[in-house]
Amino acid sequence: MIPQFSPLTVDCLPLILAYTQALPGRICDRTAGILYMWAEQLNTCLATAGGMLLLRSVWEGRTVYACPAGDGDMQAAVSACRADANERSVPLCFASLTPDDAVNIRNAVNAPCTEESDEAWSDYLYDADALASLEGRAYHGPRNHINRFCTEYPTYRYTPLTPDQLPEVEEFYAAHRARTAETAVPSALAEAEAAAHLLTLYPALLEGGTRLLGGILRVNGEIVGFSLGEVLGDTLFVHIEKANTAFNGVYPMLVREFARMGTALGLRYINREEDDGHPGLRRSKQSYHPSALLNKLVLHCP
(Lines give C-alpha, C1' and ligand atoms only; values in the text may rest on other atoms or scores of the structure.)
Protein backbone atom coordinates (compact mmCIF):
# COMPACT_ATOMS: atom_id res chain seq x y z
CA MET A 1 0.00 0.00 0.00
CA ILE A 2 1.26 3.45 -0.90
CA PRO A 3 1.56 5.67 2.22
CA GLN A 4 -0.17 9.04 2.23
CA PHE A 5 2.50 11.68 2.80
CA SER A 6 1.53 15.18 3.92
CA PRO A 7 3.68 18.32 4.41
CA LEU A 8 5.46 18.77 7.71
CA THR A 9 3.70 21.54 9.67
CA VAL A 10 3.74 22.70 13.27
CA ASP A 11 0.55 20.67 13.81
CA CYS A 12 2.71 17.57 13.30
CA LEU A 13 5.00 18.49 16.21
CA PRO A 14 3.80 15.76 18.62
CA LEU A 15 4.65 13.13 15.99
CA ILE A 16 8.02 14.75 15.31
CA LEU A 17 8.93 14.92 19.01
CA ALA A 18 8.06 11.23 19.33
CA TYR A 19 10.24 10.57 16.27
CA THR A 20 13.21 12.36 17.82
CA GLN A 21 12.90 10.21 20.93
CA ALA A 22 12.48 6.94 19.03
CA LEU A 23 15.80 6.92 17.17
CA PRO A 24 19.09 6.55 19.06
CA GLY A 25 22.22 8.51 18.22
CA ARG A 26 23.30 12.13 18.38
CA ILE A 27 23.11 13.30 14.74
CA CYS A 28 21.43 16.64 14.18
CA ASP A 29 19.18 15.51 11.32
CA ARG A 30 16.79 13.84 13.76
CA THR A 31 16.11 16.87 15.93
CA ALA A 32 12.86 18.80 15.68
CA GLY A 33 14.73 22.06 15.11
CA ILE A 34 16.64 20.82 12.06
CA LEU A 35 13.61 19.06 10.59
CA TYR A 36 11.52 22.23 10.81
CA MET A 37 14.40 24.54 9.92
CA TRP A 38 14.82 22.86 6.53
CA ALA A 39 11.25 21.61 5.97
CA GLU A 40 10.29 24.21 3.36
CA GLN A 41 13.50 24.02 1.35
CA LEU A 42 13.57 20.21 1.38
CA ASN A 43 9.82 19.78 0.91
CA THR A 44 9.73 17.47 3.93
CA CYS A 45 6.61 15.32 4.27
CA LEU A 46 5.57 12.60 6.70
CA ALA A 47 3.41 9.50 6.76
CA THR A 48 2.92 6.38 8.85
CA ALA A 49 3.21 2.73 7.86
CA GLY A 50 3.72 -0.48 9.79
CA GLY A 51 3.30 1.42 13.04
CA MET A 52 6.29 3.62 12.23
CA LEU A 53 6.77 7.26 11.20
CA LEU A 54 8.19 7.93 7.73
CA LEU A 55 9.83 11.15 6.56
CA ARG A 56 10.49 12.05 2.93
CA SER A 57 12.48 14.99 1.59
CA VAL A 58 14.00 16.22 -1.65
CA TRP A 59 17.72 16.68 -1.04
CA GLU A 60 20.17 17.83 -3.71
CA GLY A 61 17.57 17.05 -6.37
CA ARG A 62 16.81 13.51 -5.25
CA THR A 63 14.03 12.02 -3.17
CA VAL A 64 15.30 10.56 0.10
CA TYR A 65 13.65 8.86 3.05
CA ALA A 66 14.74 9.07 6.67
CA CYS A 67 15.13 5.97 8.79
CA PRO A 68 11.62 4.82 9.85
CA ALA A 69 11.11 5.30 13.58
CA GLY A 70 8.91 3.68 16.16
CA ASP A 71 8.11 0.29 17.68
CA GLY A 72 6.41 -1.07 14.57
CA ASP A 73 7.38 -3.32 11.67
CA MET A 74 10.56 -2.07 9.96
CA GLN A 75 10.06 -4.35 6.98
CA ALA A 76 6.55 -3.01 6.40
CA ALA A 77 7.78 0.58 6.80
CA VAL A 78 10.60 0.08 4.29
CA SER A 79 8.18 -1.60 1.89
CA ALA A 80 5.89 1.43 2.17
CA CYS A 81 8.81 3.72 1.29
CA ARG A 82 9.53 1.49 -1.71
CA ALA A 83 5.89 1.71 -2.83
CA ASP A 84 6.01 5.50 -2.58
CA ALA A 85 9.31 5.64 -4.49
CA ASN A 86 7.88 3.42 -7.22
CA GLU A 87 4.78 5.60 -7.43
CA ARG A 88 7.02 8.66 -7.88
CA SER A 89 9.32 6.81 -10.33
CA VAL A 90 12.40 7.54 -8.21
CA PRO A 91 15.05 5.19 -6.77
CA LEU A 92 14.62 4.02 -3.18
CA CYS A 93 17.18 5.98 -1.18
CA PHE A 94 17.55 6.45 2.59
CA ALA A 95 19.66 9.33 3.94
CA SER A 96 21.03 10.70 7.24
CA LEU A 97 21.55 7.20 8.60
CA THR A 98 23.74 6.01 11.44
CA PRO A 99 25.61 2.75 10.82
CA ASP A 100 23.00 0.94 12.96
CA ASP A 101 20.19 2.45 10.89
CA ALA A 102 21.84 1.19 7.73
CA VAL A 103 22.08 -2.33 9.14
CA ASN A 104 18.40 -2.33 10.12
CA ILE A 105 17.30 -1.09 6.70
CA ARG A 106 19.55 -3.58 4.89
CA ASN A 107 17.97 -6.38 6.93
CA ALA A 108 14.48 -5.14 6.05
CA VAL A 109 15.30 -4.80 2.35
CA ASN A 110 17.00 -8.21 2.28
CA ALA A 111 18.83 -7.34 -0.92
CA PRO A 112 22.22 -5.79 -1.73
CA CYS A 113 22.34 -2.03 -1.17
CA THR A 114 25.07 0.48 -1.99
CA GLU A 115 26.30 2.95 0.57
CA GLU A 116 27.86 6.40 0.37
CA SER A 117 29.02 9.07 2.78
CA ASP A 118 30.72 12.44 2.63
CA GLU A 119 32.87 14.09 5.29
CA ALA A 120 31.00 17.35 4.66
CA TRP A 121 27.85 15.76 6.12
CA SER A 122 29.49 14.62 9.37
CA ASP A 123 28.47 16.26 12.65
CA TYR A 124 31.13 17.63 15.01
CA LEU A 125 30.53 16.33 18.53
CA TYR A 126 32.30 17.95 21.50
CA ASP A 127 32.67 17.35 25.19
CA ALA A 128 30.48 20.02 26.77
CA ASP A 129 32.75 20.62 29.77
CA ALA A 130 35.75 21.14 27.48
CA LEU A 131 33.96 23.82 25.44
CA ALA A 132 32.61 25.50 28.56
CA SER A 133 36.08 25.83 30.12
CA LEU A 134 38.44 25.93 27.08
CA GLU A 135 41.24 24.94 29.43
CA GLY A 136 44.59 23.57 28.35
CA ARG A 137 47.11 24.22 25.60
CA ALA A 138 44.80 22.95 22.85
CA TYR A 139 42.41 25.86 23.41
CA HIS A 140 45.08 28.56 23.57
CA GLY A 141 43.79 30.26 20.39
CA PRO A 142 40.08 30.52 21.33
CA ARG A 143 41.03 31.67 24.85
CA ASN A 144 43.13 34.50 23.42
CA HIS A 145 40.21 35.66 21.29
CA ILE A 146 37.89 35.56 24.30
CA ASN A 147 40.36 37.48 26.45
CA ARG A 148 40.56 40.15 23.77
CA PHE A 149 36.76 40.34 23.59
CA CYS A 150 36.47 40.74 27.37
CA THR A 151 39.18 43.42 27.40
CA GLU A 152 37.75 45.45 24.51
CA TYR A 153 34.09 45.07 25.51
CA PRO A 154 33.99 44.86 29.32
CA THR A 155 30.28 45.80 29.41
CA TYR A 156 29.25 42.65 27.52
CA ARG A 157 26.30 40.60 28.76
CA TYR A 158 25.21 37.10 27.78
CA THR A 159 21.61 36.27 28.62
CA PRO A 160 19.07 33.57 27.71
CA LEU A 161 17.00 34.12 24.59
CA THR A 162 13.32 34.46 25.49
CA PRO A 163 10.36 34.81 23.07
CA ASP A 164 9.83 38.48 23.93
CA GLN A 165 13.34 39.25 22.60
CA LEU A 166 12.73 37.49 19.30
CA PRO A 167 11.82 40.61 17.25
CA GLU A 168 15.13 42.20 18.24
CA VAL A 169 17.02 39.03 17.32
CA GLU A 170 15.24 38.82 13.96
CA GLU A 171 16.15 42.45 13.27
CA PHE A 172 19.80 41.72 14.11
CA TYR A 173 19.77 38.65 11.87
CA ALA A 174 18.19 40.52 8.96
CA ALA A 175 21.02 43.07 9.15
CA HIS A 176 23.56 40.24 9.42
CA ARG A 177 22.18 38.58 6.28
CA ALA A 178 22.31 41.86 4.39
CA ARG A 179 25.97 42.35 5.40
CA THR A 180 27.08 38.88 4.35
CA ALA A 181 24.84 38.06 1.36
CA GLU A 182 27.15 39.44 -1.31
CA THR A 183 30.06 37.14 -0.42
CA ALA A 184 28.06 34.10 0.71
CA VAL A 185 28.25 30.83 -1.23
CA PRO A 186 24.95 29.21 -2.29
CA SER A 187 24.96 26.71 0.60
CA ALA A 188 25.41 29.58 3.08
CA LEU A 189 22.53 31.49 1.51
CA ALA A 190 20.32 28.41 1.82
CA GLU A 191 21.36 27.97 5.46
CA ALA A 192 20.60 31.64 6.16
CA GLU A 193 17.10 31.26 4.74
CA ALA A 194 16.54 28.09 6.79
CA ALA A 195 17.78 29.80 9.96
CA ALA A 196 15.41 32.72 9.42
CA HIS A 197 12.57 30.22 8.96
CA LEU A 198 13.41 28.52 12.25
CA LEU A 199 13.35 31.86 14.06
CA THR A 200 9.78 32.46 12.84
CA LEU A 201 8.77 29.03 14.18
CA TYR A 202 10.62 29.43 17.49
CA PRO A 203 7.60 30.45 19.65
CA ALA A 204 5.34 27.68 18.29
CA LEU A 205 8.00 24.98 18.62
CA LEU A 206 8.84 26.10 22.14
CA GLU A 207 5.20 26.16 23.18
CA GLY A 208 4.69 22.74 21.61
CA GLY A 209 7.31 21.13 23.83
CA THR A 210 10.54 21.36 21.81
CA ARG A 211 13.44 21.93 24.21
CA LEU A 212 14.87 24.95 22.42
CA LEU A 213 17.65 26.89 24.10
CA GLY A 214 19.15 30.20 23.07
CA GLY A 215 21.50 32.93 24.21
CA ILE A 216 22.13 36.54 23.24
CA LEU A 217 25.48 38.32 23.47
CA ARG A 218 25.28 42.11 23.89
CA VAL A 219 27.79 44.95 24.05
CA ASN A 220 26.49 48.21 25.49
CA GLY A 221 22.99 46.80 25.16
CA GLU A 222 23.37 46.08 21.43
CA ILE A 223 23.09 42.52 20.13
CA VAL A 224 26.40 41.40 18.64
CA GLY A 225 25.62 37.69 18.39
CA PHE A 226 23.18 34.96 19.28
CA SER A 227 22.89 31.20 19.39
CA LEU A 228 19.83 28.98 19.10
CA GLY A 229 19.89 25.28 19.77
CA GLU A 230 17.98 22.31 21.07
CA VAL A 231 18.38 19.89 23.94
CA LEU A 232 17.82 16.24 23.14
CA GLY A 233 18.93 13.62 25.62
CA ASP A 234 22.38 14.49 26.95
CA THR A 235 23.29 16.72 23.99
CA LEU A 236 22.93 20.38 23.04
CA PHE A 237 22.56 20.83 19.28
CA VAL A 238 23.67 24.22 17.95
CA HIS A 239 21.25 25.01 15.12
CA ILE A 240 22.06 28.71 14.62
CA GLU A 241 25.12 30.73 15.61
CA LYS A 242 25.42 34.22 14.12
CA ALA A 243 27.55 37.20 15.11
CA ASN A 244 28.85 40.55 13.96
CA THR A 245 32.53 39.92 13.27
CA ALA A 246 33.31 43.63 13.64
CA PHE A 247 33.56 42.70 17.34
CA ASN A 248 36.87 40.91 17.91
CA GLY A 249 36.51 37.42 19.37
CA VAL A 250 32.73 37.39 19.17
CA TYR A 251 32.39 33.84 17.82
CA PRO A 252 34.66 32.13 20.39
CA MET A 253 32.75 34.05 23.05
CA LEU A 254 29.45 32.69 21.74
CA VAL A 255 30.85 29.15 21.65
CA ARG A 256 32.00 29.27 25.28
CA GLU A 257 28.93 30.99 26.69
CA PHE A 258 26.45 28.71 24.94
CA ALA A 259 28.45 25.69 26.12
CA ARG A 260 28.17 27.01 29.66
CA MET A 261 24.40 27.17 29.27
CA GLY A 262 24.52 23.51 28.29
CA THR A 263 26.70 22.39 31.18
CA ALA A 264 24.49 24.30 33.61
CA LEU A 265 21.74 21.89 32.50
CA GLY A 266 23.99 18.90 33.09
CA LEU A 267 24.50 18.10 29.41
CA ARG A 268 27.49 16.00 28.39
CA TYR A 269 27.89 16.76 24.70
CA ILE A 270 27.52 19.59 22.22
CA ASN A 271 26.80 18.88 18.57
CA ARG A 272 27.97 21.83 16.44
CA GLU A 273 26.65 20.09 13.32
CA GLU A 274 28.22 19.97 9.85
CA ASP A 275 30.76 22.07 8.00
CA ASP A 276 29.08 21.57 4.56
CA GLY A 277 32.52 21.18 3.03
CA HIS A 278 33.30 24.88 3.64
CA PRO A 279 37.07 25.12 4.37
CA GLY A 280 36.79 28.08 6.76
CA LEU A 281 33.95 26.49 8.71
CA ARG A 282 35.87 23.22 8.84
CA ARG A 283 38.96 24.92 10.28
CA SER A 284 36.82 26.70 12.85
CA LYS A 285 35.06 23.54 14.00
CA GLN A 286 38.31 21.59 14.13
CA SER A 287 39.95 24.32 16.22
CA TYR A 288 37.65 23.37 19.11
CA HIS A 289 38.89 19.76 18.99
CA PRO A 290 35.82 17.56 18.53
CA SER A 291 35.68 14.35 20.49
CA ALA A 292 34.05 12.59 17.52
CA LEU A 293 32.85 13.09 13.97
CA LEU A 294 29.42 11.52 13.55
CA ASN A 295 29.32 9.99 10.09
CA LYS A 296 26.02 9.86 8.20
CA LEU A 297 25.27 7.35 5.51
CA VAL A 298 23.14 7.30 2.38
CA LEU A 299 21.78 3.89 1.37
CA HIS A 300 20.68 3.14 -2.20
CA CYS A 301 18.36 0.14 -2.27
CA PRO A 302 17.25 -1.96 -5.26
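Q: Where does Ser89 lie, and what makes its flanking elements a helix and a strand?
A: Ser89 lies in the loop between helix H4 (74-88) and strand S5 (92-97). Helices are DSSP runs of H or I with at least four residues, strands are runs of E with at least two, and both are numbered from the N terminus. The model is predicted, with pLDDT of at least 70 required for local features and 80 or more for side-chain atom pairs, while totals for chains, interfaces and linings use all residues. Residues are numbered from 1 along each chain as its sequence is written, and side-chain values use heavy atoms, without hydrogens and water.

Q: Why is Ser89 called exposed?
A: The relative accessible area of Ser89 is 68%. Exposed means over 50%, buried under 20%, and partly exposed in between, for a 1.4 Å probe and protein chains only. Ser89 therefore counts as exposed.

Q: What is notable about the phi of Ser89?
A: Phi of Ser89 is near 60°, a positive value in a residue other than glycine. Most residues other than glycine have a negative phi.

Q: Why does Asn43 count as partly exposed?
A: Asn43 has 44% relative accessibility, which falls between the two limits, so it is partly exposed. Asn43 is in the loop between helix H3 (39-42) and strand S2 (45-49), and its phi is also positive, near 50°.

Q: How do you know that S3 and S4 pair?
A: Strand S3 (residues 52-59) and strand S4 (residues 62-65) are joined by four bridges in the antiparallel sense. Pairing requires that DSSP finds at least two bridges between two strands, so the condition is met. Trp59 has Arg62 in S4 as its bridge partner. The hairpin has two residues between the strands, and Glu60 takes a positive phi near 50° there.

Q: What makes S8 and S13 edge strands?
A: The open sheet has seven strands in the order S8-S9-S10-S11-S12-S7-S13, with mixed pairing. Strand S8 (157-160) and strand S13 (292-294) each pair on one side only. The twist averages 30° from one strand to the next. S13 is joined to strand S7 (residues 123-127) by three bridges, and the two run antiparallel. Tyr124 has Leu293 in S13 as its bridge partner.

Q: Why are H8 and H9 called roughly antiparallel?
A: Helix H8 (residues 166-180) and H9 pack at an angle of about 170°, with their axes 11 Å apart. Axes are lines fitted to C-alpha atoms, for helices over the stretch in contact, and angles run from 0 to 180 degrees between N-to-C directions. Angles under 35 degrees count as roughly parallel, over 145 as roughly antiparallel, 65 to 115 as roughly perpendicular, and the rest as oblique. H8 and H9 are therefore roughly antiparallel to each other.

Q: Which residues of H8 meet H9?
A: In H8 they are Leu166, Val169, Glu170, Tyr173 and Arg177. Their counterparts in H9 include Glu191, Ala192, Leu199 and Pro203. Contact means heavy atoms within 4.5 Å.

Q: How do the residues of the contact of H8 with H9 divide?
A: Nine are nonpolar, one is polar and four are charged. Ala, Val, Leu, Ile, Met, Phe, Trp, Tyr, Cys and Pro count as nonpolar, Asp, Glu, Lys and Arg as charged, and the others, Gly among them, as polar.

Q: How does H9 run relative to S11?
A: Helix H9 (residues 186-207) lies across strand S9 (212-219), strand S10 (222-232) and strand S11 (235-243), at about 125° to S11.

Q: How many disulfides does the structure hold?
A: The structure holds zero disulfides. A disulfide is a pair of cysteine sulfur atoms within 2.5 Å. For Cys12, the nearest cysteine sulfur is that of Cys45, 9.4 Å away. For Cys113, it is that of Cys301, 3.3 Å away. Neither distance is within the cut-off, so neither Cys12 nor Cys113 is in a disulfide.

Q: Why are Cys12 and Cys113 called buried?
A: The relative accessible area of Cys12 is 13%, below the limit for buried. Cys113 is at 10% relative accessibility and is buried as well.

Q: What makes S14 largely enclosed by the rest of the structure?
A: Four of the five residues of strand S14 (residues 297-301) are buried, so S14 is largely enclosed. Four bridges join S14 to S5, running antiparallel, and Leu92 has Cys301 as its partner. Strand S6 (residues 114-117) also pairs with S14 in the antiparallel sense over four bridges, with Ser117 opposite Leu297.
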